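In this notebook I keep track of how two helices pack and how one sheet is built. I begin with the model itself and then go on to the helices.

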Amino acid sequence: MASAMENPDCSYVDLRCVQTYVINLDDSHERLARVRDQLMVADVDFRRIQAVDGRNVSAKSFSEYDDRLARRRYGRPLSGGEAGCFLSHRRCVQEFLNSEYEYALVLEDDVFLPANLRRVLMRLINWLHLSRGGQWDVVNLGNAPRKLSQGLTRLNVQQQEFELGAAYYFPLGTFGLLWSRSGAKRFLEQTHKIYAPVDQYLRDWCAVSGQGLALTPALIGVDRSQSYIRHRLIDRMKLNLLSYWVMKNVRLARNHYNARATMAQATAVHARLLQTATTSDFSASNDSTARTTISPVKLPKLDSENASNSRKRCA
């Protein structure tokens, strides 16, 4: 692949720093062929990850699943497919952390990918690398945020514009995720026990951490037919609908509260930084002995050690 220096849109890194993973069940040959063809058109290499098959088993058959916690926190038990989907994503993250790559693109095998996927990823990753450093965990590329988000930057790629925003109320859907190493590590450390579908867990998690991002419009689409990986069987469960309704509304209220609080805190910190920079600028400009000027506030960048490590991984 072309290096970052050969591409005027990319000033620091290229896709050699990114590993793409495709979650795929052993018997889903057609889906694998379809996503392989799309990635070939986009000029993106990938590694297949064998999905954890939970279609015909109970979630309780997985040691990582906590049924009691699921009923208490999520309001209902998970299906085997939902547990398998979560474990498949954990398997991807573990594989990523065992590698030397800086970022991971995780795809489910029912995605629709744009032909300019590679170019958009390069622009996105370069901005994240240079402007955010390690201060982000995961980017949802498949669903745009609908509420409680703040725009960070706009990316123009081949006459198409995307807005990257902090998604405090993280969009549901995990068919297209971009992970940082730090985010993947935290995710793996905190999911020894699973109690909710993986997309719901990420929404809960990002509402508190404030480290989830999303693109508008969404870059990646999905086949809306029934997912083989999740294979939801809620209608076959012995589900207490009243209990589930109560817990669902409690969960929604909690996520809204956490997302609003995290968003307000981030806004307040940014405002204080701007005020400090403005005051310092004013003082410096009026001090005839001042030999330096205060630059406008910029988003944090990588320190020299992290930048050095990144170059090693991308070499």
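I looked first at helix H3 (residues 80–97) and helix H5 (residues 181–189), which pack at an angle of about 130° with their axes 10 Å apart. The axes are lines fitted to C-alpha atoms, for helices over the stretch in contact, and angles run from 0 to 180 degrees between N-to-C directions. I therefore noted H3 as oblique to H5, since angles under 35 degrees count as roughly parallel, over 145 as roughly antiparallel, 65 to 115 as roughly perpendicular and the rest as oblique.

I noted that this is a predicted model, in which local features need pLDDT of at least 70 and side-chain atom pairs count only at pLDDT 80 or more, while totals for chains, interfaces and linings use all residues. Residues are numbered from 1 along each chain as its sequence is written, and side-chain values use heavy atoms, with hydrogens and water left out.

Next I looked up the contact (heavy atoms within 4.5 Å), where residues of H3, including Phe-86, Arg-90 and Leu-97, meet residues of H5, among them Arg-181, Phe-187 and Leu-188.

I then turned to the open sheet of eight strands, whose order is E2-E1-E3-E8-E5-E9-E7-E6, with mixed pairing; two strands pair if DSSP finds at least two bridges between them. Helices (H or I, at least four residues) and strands (E, at least two) are DSSP runs, numbered from the N terminus. At the edges I found strand E2 (47–50) and strand E6 (149–157), each pairing on one side only.

Last, I checked strand E5 (residues 138–140), which runs parallel to strand E9 (residues 212–216) and is joined to E9 by three bridges; Val-139 has Leu-213 in E9 as its bridge partner.
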